[in-house]
Amino acid sequence: MTTSSLAELDDETVRSMSIGAVFSDFVGKINSLDFHRTDDLLITASEDDSVRLYDIANAKLLKTTYHKKHGADRICFTHHPSSVVCSSRYNLDTTGESLRYLSMYDNRCLRYFKGHKERVVSLCMSPVNDSFMSGSLDHSVRIWDLRVNACQGILRLRGRPTVAYDQQGLVFAVAMEGGAIKLFDSRSYDKGPFDTFLVGGDMAEVCDIKFSNDGKSMLLTTTSNNIYVLDAYGGEKRCGFSLDPSPNTTIEATFTPDGQYVLSGIYDQEMGAYMPGASANGLSATADSIVTVQVGSWDSHIGVASCLKWAPRRAMFVAASSVLTFWIPNNNSNSKSSTEVGTMDPDAR
């Protein structure tokens, strides 16, 4: 499998997406994954305590490290292509080492970050500097700097917090219980939020939040498997839809890099692509005419895709449960997936 560079997406390209490579040697669920912003790399963290680094341009597993003492839960790249921040699953009570700065190059822990008392459920890196944020079940968001051990700032919140930076690193969003989303200036967050939105009618906790690349939209996924696209400036709901995968399983949704489409799980074995905020009559959209158009759907072949992300620089996305799949455009739209499920591209090992 060889992926192509990202060109302008259209409905036909999105509908043609099919499996190009499968990695099925995980023992347990994949907890989280992240793409590097500028290099063709993917990192995963899974229940088998492994952290795995992939070359996405050629569908190759580059390196696997195991972390039996702390486990591997949430993960994100730093700006360096061989360094990541990973949250711990074990021994939080005894070590307090809730976050680790890891080098994949020589399998070293460069720094421990102590402070959270319970599991980290949200983690993101600033796109412009060495700052990163973590949200924990201890009802706090902590701001860190890779260069120092000490926490740089703490926000005390209600319920489970979820965090995200916008693509310019100027603003970050914190979602919490009751459908509240607070926006902070990254340079003066200690002054409190400069705006607060409410997602009316949904009191479920937000389990994931993302900004579109142009910074104009936010994508929210809740623990009750509702998905919302909001205007990032005014907080207006551009669209919302409910999904019904397996009970007690949360899903992830993702924007395409151009912000035109949203991908998510639909049912136990399906994923779908949507064009949010379209007008039902083809004219300028009003509150009554905005609809969500389903552009395509696919059999996931892996059950519920609990992790789902589109690559920032490639015409591809990845979906994961206890199996990791790479999806690319199928040039022969009448054919089946180019790689059979349960196998791997010969060069992918």
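This briefing walks through the fold, the nonpolar cores, one buried glutamate and some aromatic contacts. Keep in mind that the model is predicted. The chain has 28 strands and just two helices, and 57% of its 349 residues are buried. Among contacts with a separation of 6 or more, 48% join residues 24 or more positions apart.

**Nonpolar cores**

- As a bit of background, nonpolar side chains in soluble globular proteins tend to be buried together.
- Here, the largest nonpolar core takes in 19 residues. Leu263, Met271, Trp298, Phe317, Ala319 and Trp327 are the ones with the most contacts inside that core.
- Five strands each give two or more residues to this core: S1 (17-23), S24 (270-279), S25 (290-299), S26 (307-310) and S27 (317-320). S1 supplies the largest share, at three residues.
- A second core, separate from that one, has 18 residues, including Ile30, Leu42, Met316 and Val318.
- If you want one residue to click on, try tryptophan 327. Leaving out residues up to four places away in sequence, Trp327 touches Met17, Ser18, Ile19 and Gly20, along with Met271, Trp298, Asp299 and Ser300, and also Ala315, Met316, Phe317 and Ala319.

**A buried glutamate**

- Glutamate 252 sits in the loop that runs between strand S21 (237-242) and strand S22 (253-255).
- Although Glu252 is in a loop, it counts as buried because its relative accessibility is 8%, and the cut-off for buried is under 20%.
- What does the side chain of glutamate 252 make a polar contact with? One partner is the side chain of lysine 210, at 2.8 Å.
- The backbone of leucine 308 comes in too: its nitrogen is 3.0 Å from a polar atom of the Glu252 side chain.
- With neighbours within four places in sequence set aside, the residues in contact with Glu252 include Asp208 and Lys210, then Leu263, Ser264 and Gly265, and then the run Ala305, Ser306, Cys307, Leu308 and Lys309. Leu263 also turns up among the residues with the most contacts inside the largest core.

**Aromatic contacts**

- The structure holds 13 aromatic pairs.
- One of them is phenylalanine 132 with tryptophan 144, a stacked pair with 6.2 Å between centres and 15° between planes. Phe132 belongs to strand S11 (residues 131-136) and Trp144 to strand S12 (residues 140-145), and the two are 12 residues apart.
- Both partners are out of reach: Phe132 counts as buried because its relative accessibility is 0%, and Trp144 is buried with a relative accessible area of 0%.
- Another stacked pair is phenylalanine 172 with phenylalanine 184, at 5.0 Å centre to centre and 15° between planes. Phe172 is in strand S15 (residues 171-176) and Phe184 is in strand S16 (residues 180-185), so this pair ties together parts 12 residues apart in sequence.
- Phe172 and Phe184 are both buried, and they form one aromatic cluster with Tyr165 and Tyr189.
- There's a charge over a ring as well: the charged end of arginine 52 sits over phenylalanine 26, 4.1 Å from the ring centre.

**What the record adds**

- UniProt, in an unreviewed entry, places the feature "repeat: WD" at residues 23-64 and 113-147.
- In the model, residues 113-147 are 57% strand and 0% helix, and the end C-alpha atoms of that span lie 11 Å apart.

Key
Residues numbered from 1 in each chain as written. Predicted model: local features only at pLDDT ≥ 70, side-chain atom pairs only at ≥ 80, totals over all residues. Heavy atoms only, no water. Core = buried A, V, L, I, M, F, W, Y, C linked by side-chain atoms within 4.5 Å. Buried < 20%, exposed > 50% of the residue type's maximum accessible area, 1.4 Å probe, protein only. Helix = DSSP H or I, 4+ residues; strand = E, 2+ residues; numbered from the N terminus. Contact = heavy atoms within 4.5 Å. Polar contact = N/O pair within 3.5 Å; in protein donor to acceptor, adjacent residues only side chain to side chain. UniProt positions renumbered as here; feature names shortened; annotations may be inferred. Phe/Tyr/Trp six-rings, centres within 6.5 Å; stacked < 30°, edge-to-face > 60°. Lys NZ or Arg CZ within 6 Å of the ring centre and 35° of its normal.
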